[in-house]
Amino acid sequence: MAVDKEKVAEESVTSRLFKIILSWDYFRLLKDSKQKRKDDGGAASLGLKEVKSSYKDVDDYISTFEPLLLEEIKAQIIQRNDDEDAADWKFRAIMDCSEVNGFHFPEIVYLRDEDIKDEDGEKAEFLSPNDLLLLSKEKFQENAKLPTTYAFALVESRQHSKLRLRMYLAGEVTHKGVEAIVSSPRLLKVRSHITSSSKDGIYIYSLKICSLSTIIREYIALWSISSLPFRDMILAAADKNTGEDQAWKISRPLQDYMRENLNESQQAAVQAGLSRKPFVLIQGPPGTGKTQTILGLLSAILHATPARMHSKVGLIETRQGSELPVREKYDHWNQASPWLNGINPRDNIMPVNGDDGFFPTSGNELKPEVVKSNRKYRVRVLVCAPSNSALDEIVLRVQNTGVRDENDHPYTPKIVRIGLKPHPSIKAVSMKELVEQKKNNMNTGKDKSGASGTDLDSIRSAILDESVIVFSTLSFSGSSLFSKWNRGFDVVIIDEAAQAVELATLVPLANGCKQVFLVGDPEQLPATVISTTAKKFGYDKSLFKRFQSAGYPVTMLKIQYRMHPEIRSFPSKEFYAESLEDAPDVKLRTARAWHAYHCYGPFCFFDLHEGKESQPPGSGSWVNVDEAEFVLLLYHKLVISYPELKSNSQVAIISPYSQQVKLLQEKFKDTFGLDPSGIVDITSVDGCQGREKDIAIFSCVRASENRSIGFLSDCRRMNVGITRARASILVVGSASTLKRDEHWNNLVESARKRDCLYKVSKPYTSFLSDESIESMRVGSESAVGPTGERDESDANAPEPNAGDADQAPADDNEFGDGDEDMYEGGFEED
């Protein structure tokens, strides 16, 4: 692929992307997708290349990532087909159509008042710029005759009921490039229809497919790689410049604060940042205080000064030449200070009409202005994260605890949170709220910021100018708000960097910066990529992971504050080369009353050797009804024995499979007669990264005689699932099935060696009977054998019922590190 080495204009780049996407045939995409599932050998013919650790030039980089990004767009379009509903089709009228630069721009309107809804409308089809629509002359449904007049359209703008769309109808673009265009009868029919002049009007059906805003910003970032900061470093994943001569330092009081409040590995991360290396990678395993480290980084970055400013002697020595003879010294002093040997030259000037031409002095000329380092060397910081929830967690911490200045005084810097859906707890610093405040202040004459105008863009720019730290999701950092502001940042900090595809990480760098911090953990969940084809070629690999794979230095946080040592033991050995250490008091803080019984943790594996997996019709996900039954019995036994677990939502039930999550939620309602929300978090693995609970019950689901364990074999999901627990992790699965995978085999063997592997037979109520539980009390004569298999002759315990689960209303959710409710999220298919 020929790539222009000069910076490509944004408009030209987006035009290229729009031509490719808008020319695609929707039904051909669906057909090709089904064919790919049968035959995986066609990927090479599409020009796909595997993501590498380093690239020789910009051409190599773009030719690798562009085809993979296009595959991801196709997957997002195809995903919409699974949820297709005839009721989603809207009937519209075409009012006008123009053609500019090869694109058609039809203007269409709604025909029914009930279709016109605002953003909060319950039945709304709220459309925004960059939403992808499918237009068709005829409304069509599954299993019906395929239409002949249809094409994609992109929303350019919206004004209440009127939409301006962009279409490309010149022909279909092949994978060889936008220059290779094939004539398409389908697109010619669409063109003829929307440009006709029928007396009866021109009408068309539309269906919303997905939003392309994020993809477009990532595509622009990809083609801007040649002009990005540290281009060569990004391509090579290596830094030849040590940066030692550029090191910055912090004041003594701030150093003392760091020593007292950060552990050694956290301090090492801050020092790595002060080295002023262009890229700093910080790995934060579960519970190691990643957010606390980011707060320390902010304090250091905002108040650091060049190292030479901390040594007056060194500074003088660097400016000192050879010593002058004594006679020459006197000559210099006489010229510089003539009044030492005579009258001040100013006194020789005689007054004219009583005015000597000099203004009276204030007496302060020799007193230098006292300027704090955070003002004189002020830097602008952009903090990003892939998701709103991850971003708001940092915003809240900055709000609540502030940062430290050079005198170790806490204060809250001026910050702004940009983007959609801010959490209510940080609403006060959201851009929308600050704009309203500034408008009110301007109307009352209280605003002193000197905003250059009263229009929205000017107000937003004034807020950005005033803010020391700007918070934004990765995607939103590529919005027009930043391009209109037209200023860069000194430092960009990206949290959860290992959960973002590489192109998403490039988006905030396009604003310009001098230093980048990538903070995350490649051993936990990767970026969410829908396309299995793109994933196969490494598109889900983050920039953090690529740098790490290439040997770039990474500072790892090593002291964990979350988990009981018995929980920490396995992930530390399996994923972090046994480098994780426990905080001094973590064992005491995570000790719980239920640890009096072996079967309640801190670490247990329940082998349901008779369980069976199954796949719901029409679903790519899996369920295990036996595991669901046992998990709810185990949960019921815990909350009956320890009622405090019922009211404070400190139990999470986790599964990698969305259908198992759904099954557990439904069975909880049927069993207890209550909605699990606010009582227990039943969630997917993707929905719980970054969260923590006292107890986590993990349902593995897969149980068969000869099938693989599918995407459960992704050890990163295992790591996330078992490290959500503070006090107890209770894993439920089929040991014989899981042992086919290396990492799961190691977990089962770890449980066996620690005598916490329990082989459970039906009926499960026997295993969880009062007598059976009592036999597992710590220090008692246990009936447990070497493998945990126990005598199942105990009487069955009572079945759970709604009455057993009655409880007080759950407390209001706290928003902060680890204590908020988990949420469902992520994608998973086998």
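## The cavities

The largest cavity here has a volume of about 40 Å³. What counts as a cavity? On a 1 Å grid over the protein atoms alone, a cavity is a set of points where a 1.4 Å probe fits but cannot get out. Grid points are joined across faces, edges and corners, and the volume is the space filled by probe spheres set on the points. Keep in mind that this is a predicted model: local features need pLDDT of at least 70, side-chain atom pairs count only at pLDDT 80 or more, and totals for chains, interfaces and linings use all residues. Residues are numbered from 1 along each chain as its sequence is written, and side-chain values use heavy atoms, with hydrogens and water left out.

Counting cavities of 30 Å³ or more gives three. Which residues line the largest cavity? They are Trp248, Gly273, Leu274, Arg276, Ile301, Ala304 and Gln515, where a lining residue has an atom within 4 Å of a point. Sort them by type and you get four nonpolar, two polar and one charged. For that sorting, Ala, Val, Leu, Ile, Met, Phe, Trp, Tyr, Cys and Pro are nonpolar, Asp, Glu, Lys and Arg are charged, and the others, Gly among them, are polar.

Arginine 276, one of the lining residues, has a positive phi of about 65° although it is not a glycine. You'll find arginine 276 in the loop between helix H8 (264-274) and E10. Helices (H or I, at least four residues) and strands (E, at least two) are DSSP runs, numbered from the N terminus.

## A seven-stranded sheet

Now for the sheets. Seven strands make an open sheet in the order E15-E16-E12-E17-E18-E10-E19, with parallel pairing. Two strands pair if DSSP finds at least two bridges between them. At the edges sit strand E15 (415-418) and strand E19 (554-556), each pairing on one side only. From one strand to the next, the twist averages 20°. Axes are lines fitted to C-alpha atoms, for helices over the stretch in contact, and angles run from 0 to 180 degrees between N-to-C directions.

Zoom in on strand E17 (residues 491-494) and strand E18 (residues 515-520): four bridges join them, and they run parallel. Valine 492 stands opposite valine 516 in E18. Helix H17 (residues 502-509) packs on the sheet, touching E10, E12, E17 and E18, and its direction makes about 150° with that of E17. Contact here means heavy atoms within 4.5 Å. Helix H9 (residues 290-303) lies across several strands, including strand E12 (381-385) and strand E16 (469-473), and runs at about 165° to E18.

## A six-stranded sheet

Further along the chain, six strands form another open sheet, in the order E24-E23-E25-E26-E22-E27, again with parallel pairing. Which strands are at the edges? Strand E24 (681-684) and strand E27 (757-760) are, each pairing on one side only. Neighbouring strands of this sheet are turned by 20° against each other on average, direction ignored.

Inside the sheet, strand E23 (residues 651-655) pairs with strand E25 (residues 693-699) in the parallel sense over four bridges, and alanine 652 has alanine 696 in E25 as its bridge partner. Two helices lie across strands of the sheet. Helix H25 (residues 715-722) crosses E23, E25 and strand E26 (725-733), at about 130° to E26. Helix H27 (residues 742-753) crosses strand E22 (603-608), E25, E26 and E27, at about 110° to E22.

## Strands that run antiparallel

Strand E4 (residues 150-159) is joined to E5 by five bridges, and the two run antiparallel. They form a hairpin with two residues between them, and histidine 160 in the turn has a positive phi of about 50°. Leucine 154 has arginine 166 in E5 as its bridge partner.

E5 (residues 162-166) also runs antiparallel to strand E2 (residues 103-110), joined by three bridges. There, glutamate 107 is partnered with arginine 164 in E5.

## Cis bonds and a salt bridge

Two cis peptide bonds are worth a look. The bond from glycine 601 to proline 602 is cis, with omega near 10°, and proline 602 sits in the loop between helix H21 (586-589) and E22. A second cis bond joins lysine 762 and proline 763, with omega about -5°; proline 763 lies in the loop between E27 and helix H28 (764-767).

How many salt bridges are there? The count is 44, taking a salt bridge as a side-chain nitrogen of Lys or Arg within 4 Å of a carboxyl oxygen of Asp or Glu. One of them links glutamate 71 and lysine 74, whose closest N and O atoms are 3.5 Å apart. Both residues lie in helix H3 (residues 58-82), three residues apart, about one turn of the helix.

Note on methods
1 Å grid on protein atoms, 1.4 Å probe; cavity = no way out; pocket = protein on both sides within 12 Å on 5 of 7 lines; lining within 4 Å.
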